[in-house]
Each structure stands twice: as structure tokens, then as C-alpha cells.
Amino acid sequence: MTREPRHLYIERREPDKNMARFYALSIEPTLFGETSLVRGWGRIGSRGQQKIHVFDSEAKAVDLLLTLLRKKHARGYRPPS
């Protein structure tokens, strides 16, 4: 299991559509020895929403992280410049 949390933050900005969104992912250990994937999303400048997925192995959390990252990348999300 990972000892340190891993964080990823990406944004999608389209000024002509008045769109400024963020998507944040992090893999973190739980208090019970499991691994969690924490997702946060919303409009930049807002608190947004959050969802937590708990897994019994880190590999499953990484698989979901990569799947979500591919989907967001296809929709135009990129690291902030």
C-alpha cells in the first residue's frame, strides 16, 4: 500500500462557452488499511462535489484512476498551465 497520498489536478477551460471546470483525483490510505480513491469536481472557484471509492488493493484504485483520467483527457481536461 502507498504510504503517501498521490494527487492529480486537471482543468478544462473554454472561455467562449463560459466553462471553467476542475477535476481532482487522489489515492489515499484509509484508517482501516484499505486504499481509497477520492474524486472531486466542479466549477473552478467553487467547492464542487466529492466522491470516495474504497478498495481492498491499491491496484484497483489505480485502475479506476487511469480509466477516469483517460475519459477526462478525451473531454479536454488538461493540467493547469
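The legends below accompany several close-up views of a predicted model.

**View 1. The whole chain of the predicted model, with its elements in sequence order.** The protein has 1 helix and 4 strands, and from the N terminus on these elements follow the order β-β-β-β-α. Taken along the principal axes, the box filled by the C-alpha atoms of the protein is roughly 45 × 25 × 20 Å. Of the 81 residues of the protein, 33% count as buried, and among the contacts with a separation of 6 or more, 37% come from residues 24 or more positions apart.

**View 2. The surface and the charged side chains of the protein.** The protein exposes about 5,800 Å², and carbon and sulfur atoms supply 52% of that area. There are 16 positive and 9 negative side chains in the protein, and the centres of these two sets lie 8 Å apart.

**View 3. The open sheet formed by 4 strands.** The strands are arranged in the order β1-β2-β3-β4, and their pairing is antiparallel. At the edges stand β1, which covers 6-14, and β4, which covers 49-55, and each of these two strands pairs on one side only. From one strand to the next, the twist averages 10°.

**View 4. The hairpin of β1 and β2, with the turn that holds Asn 18.** In this hairpin 4 residues lie between the two strands, while 9 bridges join β1 to β2, which run antiparallel. Along the ladder, Tyr 9 has Ala 24 of β2 as its bridge partner, and Arg 13 has Ala 20 of β2 as its bridge partner. Which residue in the loop between β1 and β2 has a positive phi although it is not a glycine? That residue is Asn 18, which is found in the loop between β1 and β2 and has a positive phi of about 55°. Is Asn 18 buried or exposed? Because its relative accessibility is 57%, Asn 18 counts as exposed, the cut-off for this class being over 50% relative accessible area.

**View 5. The hairpin of β2 and β3, with Gly 33 in the turn.** Strand β2 (residues 19-29) and strand β3 (residues 35-43) run antiparallel and are joined by 9 bridges. Between β2 and β3 there are 5 residues, and Gly 33 in the turn has a positive phi of about 85°. Among the pairs in this part of the sheet, Phe 22 has Gly 42 of β3 as its bridge partner, and Tyr 23 stands opposite Trp 41 in β3.

**View 6. The surroundings of Ser 36 in strand β3.** Ser 36 lies in strand β3, and because its relative accessibility is 5%, this residue counts as buried, given that buried means under 20% relative accessible area. Which residues does Ser 36 touch, not counting residues up to four places away in sequence? With that exclusion, Ser 36 touches Ser 26, Ile 27, Glu 28, Thr 30, Ile 52, His 53 and Val 54. Computed along the sequence in residues, Ser 36 and Phe 55 are 19 residues apart, whereas in space their separation is 5.9 Å, C-alpha to C-alpha.

**View 7. The surroundings of Arg 43 in strand β3.** Arg 43 is found in strand β3, and because its relative accessible area is 43%, the residue is partly exposed, a class that lies between the limits of 20% and 50%. When residues up to four places away in sequence are not counted, Arg 43 touches Asn 18, Met 19, Ala 20, Arg 21 and Phe 22. One of these, Asn 18, is the residue with a positive phi in the turn of the hairpin of β1 and β2, and another, Phe 22, is the bridge partner of Gly 42 in β3. Arg 43 and Ala 24 are 19 residues apart along the chain, and their C-alpha atoms are separated by 12 Å.

Technical notes:
Residues numbered from 1 in each chain as written. Predicted model: local features only at pLDDT ≥ 70, side-chain atom pairs only at ≥ 80, totals over all residues. Heavy atoms only, no water. Pairing = 2+ DSSP bridges. Axes fitted to C-alpha atoms, helices over the stretch in contact; angles between N-to-C directions. Buried < 20%, exposed > 50% of the residue type's maximum accessible area, 1.4 Å probe, protein only. Contact = heavy atoms within 4.5 Å. Areas by Shrake-Rupley, 256 points an atom, 1.4 Å probe, with all protein chains shown as cover. Lys, Arg positive; Asp, Glu negative; His and termini not counted. Charge placed at Lys NZ, Arg CZ, Asp CG, Glu CD.
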